[in-house]
Amino acid sequence: MATEAHGGAAAEHAVGMPQLDVTTWPNQIFWLLVTLAVIYFVLNRIALPRIAAVLAERSGTIANDLTAAEELKHKAVEAERAYNDALARARADAAKIVAEARAEIQKELVAATAQADVEISAKAAQSEARIGEIRAGALEAVSTVALDTAAELVAALGGKADATAVSAAVSARLKG
Amino acid sequence: MAEGGFAIHPMDQFVVKPLFGGDHVEFYTFTNVTLWLGIAVLAIIALMVIGTRGRAIIPSRSQSIAEVLYGFIHSMVEDVTGHEGVKYFPYVMTLFMFVLAANLLGLIPMSFTTTSHVAVTVTLALLVFFGVTLLGLVRKGPAFLAMFWVSSAPLALRPVLAIIEVISYFVRPVSHSIRLAGNLMAGHAVIKVFAGFASMAVISPVAIGAVSAIYALELLVAVVQAYVFTILTCVYLKDAVGDAHH
């Protein structure tokens, strides 16, 4: 439309649609076919196989990595199980050792207790004997003291102490 | 032509002219078309060959782009045409890369948009048309023609539908090519018109804003049209290699 206004300059400017100027068509079609042939050659021979190879390699690598990861995970699970097993075994061993130790200590304790009991009973018997002696001694001393005291008391009260009578009375009292 | 002072020549950018003198365009003449077709080839080589030279497992940026384009078109071919169509993937990829590169290079200021020319897009569309038709006839033989005979329709309707199907089949290269050339030509011409208005100080901010906005739109159009051209190619290819149709 603008070209119509500037009709004088039509030699330089497009007349109508340059697309419809069929004299240029052979040129465009020829060079287009050359272009397409070159692009096809380059893509088909170089670019597309290369990209396909890269993509295949990448998916292969990813698949390999996933497999490796799966394997490692498997190993980790196994290691964990082994660890748990070892732990359980160690725990069982420890429990066994504790039980043995306890049994031994128990045994020793029982033995020691028995010995102690024997010693205690021996000591107790001794003590009993001594206590008996002391008690006998004490009783004797008491009767002597009582006799003396009674004799003294009788004398102090102005009586005349008959030794035999006092002794009999004190003995009677002491027997109570 | 109220704005007589404006020098707006929106179609000048589409003129095919020899680069090294002379005004006669022979088929072998080295023209601006040749130049920009060559630049498209170099751009494709730069991206798809030089960009992927690392062959890295962890791709570089350019290799990522090449891989994305590869994966995009490869899955498109596989999804649309089925497993059988994958062996024609290099051809589809060639078309896609060429149209995409030509569309995007055409957006460089002062460049020449090869895909805005009907001669180029018609050639592409006819390559697809004849390629698919021959492929269908070779692969399926006369059974290829059964796609015009809509067996799911009532018998009485089938001849009518067959005529419609045949017409639509032969119209395919027209719509296939005009869609691409028309989109690009219209967008570029509109940019040029707005750019012409920018010579007037009062409206130049609006004009430049409009150029920027349309440029963004054209960027989208360039990619979408390359995609549309390619997926239509795949759809046509499906008729030749796929087993189910219509």
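**Chains A and B: how the labels are earned**

About 4200 Å² is buried between chain B and chain A in this predicted model, and carbon and sulfur atoms give 74% of that area.

Reader: Which residues of chain B lose the most area to chain A?

Author: They are B:Phe27, B:Ile57 and B:Tyr70, which together make up 14% of what the chain B side buries.

Reader: How many residues does each chain bring to the contact?

Author: Chain B gives 53 residues and chain A gives 41 residues. To be counted here, heavy atoms have to lie within 4.5 Å.

Reader: Let's pick one residue. Why is B:Ala66 called buried?

Author: The label needs a relative accessible area under 20%. B:Ala66 has 0%, so buried is the right word for B:Ala66.

Reader: What does B:Ala66 touch, leaving out residues up to four places away in sequence?

Author: Its partners are B:Leu47, B:Met48 and B:Thr52, along with A:Ile51 from chain A. B:Ala66 itself sits in helix H2 of chain B, which covers residues 61–81.

Reader: And how far is B:Ala66 from B:Leu37?

Author: Their C-alpha atoms are separated by 20 Å, and the two residues are 29 apart along the chain.

Reader: Stepping back, what makes up the pattern of chain B?

Author: Along the sequence the pattern reads α-α-α-α-α-α. That fits the count of six helices and zero strands.

Reader: How much of chain B counts as buried?

Author: Of its 246 residues, 49% do. The accessible surface of chain B comes to about 11900 Å², with 74% belonging to carbon and sulfur atoms.

Reader: What are the spans of chain B, and what share of its contacts joins residues 24 or more positions apart?

Author: The C-alpha trace spans about 65 × 55 × 40 Å along its principal axes. Among contacts with a separation of 6 or more, residues 24 or more positions apart account for 66%.

Reader: Where do the charges of chain B lie on average?

Author: There are 12 positive and 12 negative charges, and their mean positions are 7 Å apart.

Reader: One last thing: where in chain A is confidence lowest, and where is it highest?

Author: Helix H1 (residues 2–5) of chain A is lowest, at a mean of 39, while helix H2 (residues 25–156) of chain A is highest, at 92. Over residues 1–11 of chain A, pLDDT stays under 50, and the model has 15 contacts beyond four places in sequence for that stretch. Chain A as a whole averages a pLDDT of 86, with 92% of the residues scoring at least 70.

Technical notes:
Residues are numbered from 1 along each chain as its sequence is written. Chains are lettered from A and ligands numbered from 1 in the order in which they are written. This is a predicted model: local features need pLDDT of at least 70, side-chain atom pairs count only at pLDDT 80 or more; totals for chains, interfaces and linings use all residues. Side-chain values use heavy atoms; hydrogens and water are left out. Helices (H or I, at least four residues) and strands (E, at least two) are DSSP runs, numbered from the N terminus. Buried means under 20% relative accessible area, exposed over 50%, partly exposed in between (1.4 Å probe, protein chains only). Accessible areas come from the Shrake-Rupley method with a 1.4 Å probe; for residues, only the protein chains shown count as cover. Lys and Arg count as positive and Asp and Glu as negative; His and the chain ends are not counted. The place of a charge is taken as NZ of Lys, CZ of Arg, CG of Asp or CD of Glu. pLDDT is the predictor's confidence in each residue, from 0 to 100. Buried area is the accessible area (1.4 Å probe) that two parts lose on being put together, summed over both.
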